[in-house]
Each structure stands twice: as C-alpha cells, then as structure tokens.
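Welcome! Please take a look at the sequence and the 3D structure here, and then read on for a short tour.

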Amino acid sequence: MRRTRYATSGPYAPPTPPRELTVTSADGARLHAELHGVTDPAAPAVVLAHGWTCSTAFWAPVVRELVARHRVIVYDQRGHGRSTAPGPGGYSTEALADDLEAVLEQTLEPGRRAVVVGHSMGGMTVMAAAGRPAVREHAAAVVLCSTGASRLVERARVVPLRSERLRARVHRAILGARLPMGPVTPVSKRLLRYGTMGPGSAPAMVEACARIVHACPRAVRAGWAHVMGDLDLDARIGLLTMPAAVIVGTADRLTPPEQAHAIAAALPQCDGLTELPGLGHMTPVEDPGAVSDVIRRLAAEHLAAEPGGSPGAPRTDARTDDLTDDDPHAVEERTT
C-alpha cells in the first residue's frame with residue numbers, strides 16, 4: 001500500500017515547481033527548495049518557511065494565491081520533506097537560522113529583497129535569524145504567522161488543564177513522543193483537527209494537513225519538539241527591525257493569541273496584528289486568502305521594483321537536484 005505525502009488534486013495539492021534546487025547550509029545540511037511564480041526580475045519575491053512536521057506542500061494554497069504576480073520561494077526545513085535530517089547537534093534554533101540565511105543567500109541575488117514569511121516553527125526560524133546579515137540584506141518585511149517566541153508548552157491550550165505546571169508537563173510529553181503516527185485514519189484526523197485547526201475546518205483541509213503531518217519522520221518530530229519545548233527567543237524579537245506583521249487564529253490551541261500579542265508588542269515596527277476569527281493553528285491552509293492578503297500588502301508597500309540583475313535565477317552555489325524514488329524523502333512512502 002502506498003500513501004502520498006500530500007493531496008494530489010484540488011486546492012491543497014502542491015503545484016509543480018518550475019525549478020527545484022538544493023541549498024547547502026552552514027553545516028553541510030542539504031535543503032530542498034522550490035521556485036514558483038513570476039520569473040520577471042522586477043517581480044516582488046516571497047520566501048515561505050513552514051512549521052513543525054510540515055513541508056513545502058503545506059504552503060500549496062498560499063503559493064497558488066501568489067504565483068500570478070510574485071516570485072515564490074519555498075523550502076523544506078531540515079529533516080522535513082526532502083531536506084536531509086539533522087546530524088549530531090543539528091537540532092537547534094541556530095541551525096534553523098543558518099538554514100534561512102542559506103536559502104536567502106542562494107536563491108536571491110545580492111541586494112534583492114523579499115517578504116519573508118514563517119508559520120509556527122518557521123516563524124521561530126525568522127525570529128532566531130533576526131539580526132543575521134542575510135536577513136538584514138534580504139528581508140524587506142516579515143510575516144510571523146501562528147507562532148510563539150517562548151514558553152510554548154506552558155501557554156499551549158491543547159490539553160485543557162487548569163494547572164500551568166501540569167499542563168506544560170503533559171504538553172511536553174505529547175510533543176516529544178517518538179511513537180509512530182501511523183496511517184491517516186478518521187480518528188487521527190479528528191485529533192489533528194482538535195489540536196491544530198478550527199472547528200469549522202472542511203474535511204478536505206483536514207485530510208491535506210493530516211497527510212503532511214503524518215509523513216514527518218518520528219525522530220525528526222521528536223527532535224524539534226524538544227527544541228521548541230525549551231524555546232526562548234524573546235530577546236530576538238527586537239532585532240527584527242524591518243516592518244513585521246503578525247497573524248493568529250483566535251482558536252489556535254498551540255500558539256494562542258496571547259503569543260501573537262506578546263510578539264506584536266515587542267516588535268520595533270509592528271505592521272499590523274491580524275486575528276482570524278474561529279481559525280486554529282494552520283492559518284495558511286485554513287484561510288490562505290487572508291494570509292496572502294497580508295503578504296501582498298507588505299510586498300506592495302516595501303518591495304519597490306528594481307531594474308537590472310536576474311533575481312529569477314538562483315545563485316550559482318545552489319544546484320538543481322534530480323530527486324528519484326530512491327531518495328529517503330521522496331514524494332511517496334511505503335506503509336504496511
């Protein structure tokens with residue numbers, strides 16, 4: 001029996017990328033990246049960083065919203081999708097920051113800027129990389145979507161326990177579990193919707209997210225869960241000196257609105273806090289139009305068309321990858 005990693009038809013099916021690249025990070029990790037959309041050198045660029053247990057496929061609805069007028073760059077976080085799994089010491093926020101720097105440096109021409117968008121762990125990646133030279137050079141604006149900077153297990157509301165200490169202990173145990181998730185079933189979809197999505201999420205939406213999340217290797221899932229359990233990026237928020245917008249669903253149980261409000265209050269240039277009523281943690285899938293509207297607004301306001309150069313082409317230190325079914329992170333996986 002074969003189980004696909006993502007929806008193969010409909011609005012949640014990832015579009016075929018015109019270009020696929022391998023980006024090499026500081027420690028040699030190989031990151032799968034894709035270039036979508038407009039190739040015009042003057043077109044505004046958007047870089048999308050996905051969250052924990054997800055992949056480039058997660059951004060499919062947003063990519064579809066943006067490709068007509070934007071150059072869209074998506075990449076798999078290390079250990080996710082088709083990027084290589086971290087080696088010893090490779091699970092850290094500094095490694096995530098290294099990876100984002102490498103993506104910006106190897107997919108954008110010198111001096112070219114983009115709107116950098118991070119969802120969940122992707123938002124933590126953006127905060128971890130705040131102040132890095134490549135971020136200062138290439139990020140005209142950022143979007144922090146359904147994310148948090150610290151005390152994630154204490155502030156989460158997945159398990160409705162009154163005691164913060166007990167709630168944090170249970171959340172930490174759940175997030176760090178190394179048990180296999182197994183195939184996508186009606187029960188697993190109900191659990192996923194409860195923990196990560198709003199109550200009104202359509203079945204196809206839940207199915208698409210479940211396929212992506214269940215495809216994440218359990219060791220990778222647990223490794224990043226431990227990093228997020230000890231996350232403390234509060235001091236990095238103030239280093240995001242470019243305009244920054246924050247998005248959160250009012251029914252987000254993983255990173256509740258209080259996280260978004262804390263981030264917005266600490267940003268030097270908060271360019272809006274958008275609360276999406278009734279939505280959960282998976283806001284780019286639950287309402288891709290609303291998330292894309294924020295991205296489009298920032299691109300229009302902060303990315304002036306620049307003549308010359310060829311930002312539609314990758315840097316020479318990023319190379320095209322011919323991925324085959326033998327790749328351990330290939331599109332499909334076998335189950336028994």
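**A first look at helix α7**

In helix α7 (residues 186-196), the buried residues (under 20% relative accessible area with a 1.4 Å probe, protein chains only) are Ser188, Leu192, Gly195 and Thr196. Viewed down the axis of α7, these buried residues fall within an arc of 75° (taken from the directions from the helix axis to the C-beta atoms), so they line one face of the helix. This is a predicted model, where local features need pLDDT of at least 70, side-chain atom pairs count only at pLDDT 80 or more, and totals for chains, interfaces and linings use all residues. Residues are numbered from 1 along each chain as its sequence is written, and side-chain values use heavy atoms, with hydrogens and water left out.

**Around α7**
- Among the elements that cover the buried residues of α7 by contact (heavy atoms within 4.5 Å) are α8 (203-214) and α12 (283-286).
- Helices (H or I, at least four residues) and strands (E, at least two) are DSSP runs, numbered from the N terminus.

**The sheet**
- An open sheet with mixed pairing (at least two DSSP bridges between two strands) is formed by 8 strands in the order β2-β3-β5-β4-β6-β7-β8-β9.
- Its edge strands, β2 (19-24) and β9 (270-276), each pair on one side only.
- From one strand to the next, the twist averages 20°.
- Strands β3 (residues 30-37) and β5 (residues 71-75) pair in the antiparallel sense over 5 bridges; Leu35 has Ile73 in β5 as its bridge partner.

**Helices across the sheet**
- Helix α3 (residues 121-128) lies across β4 (45-49), β5, β6 (114-119) and β7 (139-145), and runs at about 125° to β6. Such angles run from 0 to 180 degrees between N-to-C directions, with axes fitted to C-alpha atoms, for helices over the stretch in contact.
- Helix α13 (residues 288-302) lies across β4, β6, β7, β8 (244-249) and β9, at about 165° to β7.

How values were computed. Buried < 20%, exposed > 50% of the residue type's maximum accessible area, 1.4 Å probe, protein only.
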